[in-house]
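Colleague: Please take a close look at a single part of this protein, of your own choosing. I should like it placed within the whole fold before the detail is discussed.

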Amino acid sequence: MKSNDRTRAGTVIGLAVNITWLLAALLHPYMPKTSEIILEQIQAPNDLLVIPSHLVEVVSSGHKLGRPFPLFQKIDDDKVAALKAKYAGKQEVVGEGEIEGLEAEIKKQGDKVRLLKSEKAEKSRIDAEVKVLLALKDRIAKATGKGATPSSKKPGK
């Protein structure tokens, strides 16, 4: 290894450690334990966690680093399944027959709205029936796990 390469490698590592300290300072308000672990690994002082206006050298040349280890634990498939079960909440279970029933209700309600519009019915009456139609479309969207269809959104008038 050339002397120039060794100097450059030291500079790069020094810069990386100081940027790591800066990341720890930025993380601290949101993830204080993670920030403390980072500071422990680079053996940097945690009393200087102030975000500077420009990059400063907090960890100077010749500094000894601590033992590295992962910041976060790997979440295996069993743990994911357990967390999903714990936080899933109560999901509405809908059978195929109920979906077909909802589709029939939507068609019937849509026909009713079209008829009212063609008869030039009172706006408040049409709006009330459209509201029922949108509620039905929302129910079927939730039951099938699909988002609301574009036709179920109110036009921006």
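Modeller: Helices and strands are taken here as DSSP runs, of at least four residues for a helix (H or I) and at least two for a strand (E), numbered from the N terminus. On that basis, the pattern along the sequence reads α-α-α-α-α, with 5 helices and 0 strands in the protein. The model is a predicted one.

Some overall figures provide the setting. The protein has 157 residues, of which 20% are buried. Its exposed surface amounts to about 12600 Å², and carbon and sulfur atoms contribute 57% of that area. Where contacts link residues at least 6 apart in sequence, 50% of them connect residues at least 24 apart.

The part I have chosen is the loop that holds Leu65, which runs between α2 (32-42) and α3 (77-87). Leu65 has a relative accessible area of 45%; because buried requires a value under 20% and exposed a value over 50%, this residue counts as partly exposed. Beyond its neighbours within four places in sequence, Leu65 makes contact with Val17, Gln41, Ile42 and Gln43. A further spatial relation concerns Glu40: 25 residues separate Glu40 from Leu65 in sequence, while their C-alpha atoms are 8.8 Å apart.

Asn18, a residue of helix α1 (residues 3-27), offers a contrast in accessibility. Its relative accessible area is 5%, and it is therefore buried, since that value falls under the 20% cut-off. When residues up to four places away in sequence are set aside, Asn18 touches Leu55, Val56, Glu57, Val58 and Val59.

The second largest pocket also deserves description. Its volume is about 240 Å³. The pocket is lined by 15 residues, and those closest to its centre are Gly10, Gly14, Ser60, Ser61 and Gly62. Sorted by class, this lining consists of 8 polar, 6 nonpolar and 1 charged residues.

Helix α5 completes the picture. It covers residues 123-144, 22 residues in number, and spans 31 Å from first C-alpha to last, close to the 32 Å expected at 1.5 Å a residue. Its buried residues are Ile126, Glu129, Leu133, Leu134, Leu136, Lys137, Ile140, Ala141 and Ala143.

To return to the chosen part, Leu65 is partly exposed and contacts Val17 as well as Gln41, Ile42 and Gln43, whereas Asn18 is buried.

Key:
Residues are numbered from 1 along each chain as its sequence is written. This is a predicted model: local features need pLDDT of at least 70, side-chain atom pairs count only at pLDDT 80 or more; totals for chains, interfaces and linings use all residues. Side-chain values use heavy atoms; hydrogens and water are left out. The expected span of a helix is 1.5 Å times one less than its number of residues. Buried means under 20% relative accessible area, exposed over 50%, partly exposed in between (1.4 Å probe, protein chains only). On a 1 Å grid over the protein atoms alone, a cavity is a set of points where a 1.4 Å probe fits but cannot get out, and a pocket is an open set with protein on both sides within 12 Å along at least five of seven lines; lining residues have an atom within 4 Å of a point. Grid points are joined across faces, edges and corners, and a volume is the space filled by probe spheres set on the points. Ala, Val, Leu, Ile, Met, Phe, Trp, Tyr, Cys and Pro count as nonpolar, Asp, Glu, Lys and Arg as charged, and the others, Gly among them, as polar. Contact means heavy atoms within 4.5 Å. Accessible areas come from the Shrake-Rupley method with a 1.4 Å probe; for residues, only the protein chains shown count as cover.
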